[in-house]
Amino acid sequence: MPGGKHQSCLWIILLTFGVRQTVDAKPPNIIFMVADDLGWNDVGFNNPDIISPNLNKLAAEGVILNQSYVQPVCTPTWSSCPSKAVCAPLNRTFLPQELKKLGYATHAVGKSDNRLQSGDSTQADVHLTKIIGSLPFVFDPAQNGGWTQFYGNNFPLRGGKVTVWEGGTRAAAFLHGWGLQKTGSRYNGMMHAVDWFPTIITAAGGEVKDKDIDGMSMWEAISTFGPSPRTEFIYNLDNSSLPLQGHAAIRQGDFKLIKGFPGLYSGWYPPDQEYDPQSDLEAYSNMLKYQDIRGIARLYNVKDDPTEHVDLAANRCRTWSSAWRSG
């Protein structure tokens, strides 16, 4: 990679809510800014070593989302939002179309995959200021976790992009703007990428009439700091012969079940250590050798153990095994 720098792509979603504060109560201005592969540890409000004073200020004045989830890679996350059509059926309605029904004029600036160095987060911070000025807004960064191979960092979370570990799917995110009743806080309610579509429509004063969608509006829950309506979601389900993005994982309540291969990057990668691919390659080799593609189950309490160190399924199996031998 260029210069061997610490690298990660930034994905930003912005909604401005300043207009509703005016006398005529017009709908809020909405800005979506999107870029790729932002790691949990690649933002200043999660990692004080990252210099991003504007983002830090906005996060501190808004609501940081501690459990905002996305897909292991970008394309399904884009389609989940859904903010633009990516490999999607032509009969689906996307966010810009729904906003136009509410009287909005929409404009899209296309995605590019020129990854930003996380060491250059300060530069991204400056560009952000130029774009939005002093307007308040809602912000949701990552479309997947940081890509470990290319120096994206998700520490202390486990794994990275193209995995179903928390480091590949738990997005650094916050909201800032009009209507938030408890700012300067971290919201621990569960949210998924599919929820952004109805959440944004609701925040804009509209209503999602299509009930045949997976998303739930989170606007009332987040704006009032109430309980999240979401209690479960699927991280991924890949039945291909080599599920490189992780075979399957599901979250229900505080518990996360992973079935089969979780993805190539399965370690913990402190930012002060050089990435060594050898251990990940060995894990991949073992998967092929022992056919651990759809077999082994892992269970974690991600509320008490968000870094996924304690495999409850393995501990229970060891307990049962010990009891069986002693009996």
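**Notebook: pocket, rings and loops**

I began with the second largest pocket and found that α2 (74-80), α3 (95-101) and α6 (196-203) each supply at least two residues of its lining. I note here that the model is predicted.

**Entry 1: the pocket**

I looked up the volume of the second largest pocket, and it is about 540 Å³. Its lining has 26 residues, and those closest to the centre are Arg92, Thr93, Phe197, Asp210 and Ile213. I then sorted the lining by residue kind and got 13 nonpolar, 6 polar and 7 charged.

Which helix gives the most to the lining of this pocket? I found that α6 does, with 3 residues.

**Entry 2: helix α6**

I stayed with α6 and checked how covered it is. Of its 8 residues, 7 are buried, and I wrote down the helix as mostly covered. The buried residues are Trp196, Phe197, Pro198, Thr199, Ile200, Ile201 and Ala203. Phe197 thus appears twice in my notes: it is buried in α6, and it is among the residues closest to the centre of the second largest pocket.

I also read the backbone past the end of the helix. Just after α6, Gly205 takes a positive phi of about 95°.

**Entry 3: aromatic rings**

I reminded myself how such pairs are reported: a pair of aromatic rings is described by the distance of the centres and the angle of the planes.

How many aromatic pairs are there? I recorded a count of 9 aromatic pairs. One of them joins Trp147 and Phe150, with 4.7 Å centre to centre and 85° between the planes. I entered this pair as edge-to-face because an angle over 60 degrees counts as such.

Are these two rings' residues buried or exposed? Trp147 has a relative accessible area of 19% and Phe150 has 15%. Both are buried, because the cut-off is under 20%.

I also found a cluster of aromatic residues, formed by Tyr69, Phe233 and Tyr235.

**Entry 4: charges over rings**

I looked for charged ends placed over rings. The charged end of Lys256 sits over the ring of Tyr235, 4.2 Å from the ring centre. Tyr235 is also a member of the cluster in Entry 3. In another case, Arg158 has its charged end over the ring of Trp165, 3.8 Å from the centre of that ring.

**Entry 5: a buried arginine**

I picked out Arg298, which lies in strand β10 (residues 297-301). Its relative accessibility is 15%, so I listed Arg298 as buried. What lies 3.0 Å from a polar atom of its side chain? I found the backbone oxygen of Gly260 there.

**Entry 6: backbone in the loops**

I read the loop between β3 (137-139) and α5 (166-169), where Pro156 has its place. The peptide bond from Phe155 to Pro156 is cis, and its omega is near 10°.

Val162 lies in that loop between β3 and α5 as well. I noted its phi near 65°, a positive value in a residue other than glycine. Val162 has a relative accessible area of 14%, so I marked it as buried.

I then turned to the loop between α7 (219-224) and β7 (232-237), which holds Phe225. Phe225 is not a glycine, yet its phi is positive, about 60°. Is Phe225 buried or partly exposed? I wrote it down as partly exposed because its relative accessibility is 23%, whereas Val162 at 14% is buried.

Key. Residues are numbered from 1 along each chain as its sequence is written. This is a predicted model: local features need pLDDT of at least 70, side-chain atom pairs count only at pLDDT 80 or more; totals for chains, interfaces and linings use all residues. Side-chain values use heavy atoms; hydrogens and water are left out. Rings of Phe, Tyr and Trp (its six-membered ring) pair if their centres lie within 6.5 Å; planes under 30 degrees apart count as stacked, over 60 as edge-to-face and the rest as tilted. Buried means under 20% relative accessible area, exposed over 50%, partly exposed in between (1.4 Å probe, protein chains only). A charge sits over a ring if NZ of Lys or CZ of Arg is within 6 Å of the ring centre and within 35 degrees of the ring normal. On a 1 Å grid over the protein atoms alone, a cavity is a set of points where a 1.4 Å probe fits but cannot get out, and a pocket is an open set with protein on both sides within 12 Å along at least five of seven lines; lining residues have an atom within 4 Å of a point. Grid points are joined across faces, edges and corners, and a volume is the space filled by probe spheres set on the points. Helices (H or I, at least four residues) and strands (E, at least two) are DSSP runs, numbered from the N terminus. Ala, Val, Leu, Ile, Met, Phe, Trp, Tyr, Cys and Pro count as nonpolar, Asp, Glu, Lys and Arg as charged, and the others, Gly among them, as polar. A polar contact is a pair of N or O atoms within 3.5 Å; within protein, one must be able to donate a hydrogen and the other to accept it, and residues adjacent in sequence count only if both atoms are side-chain atoms.
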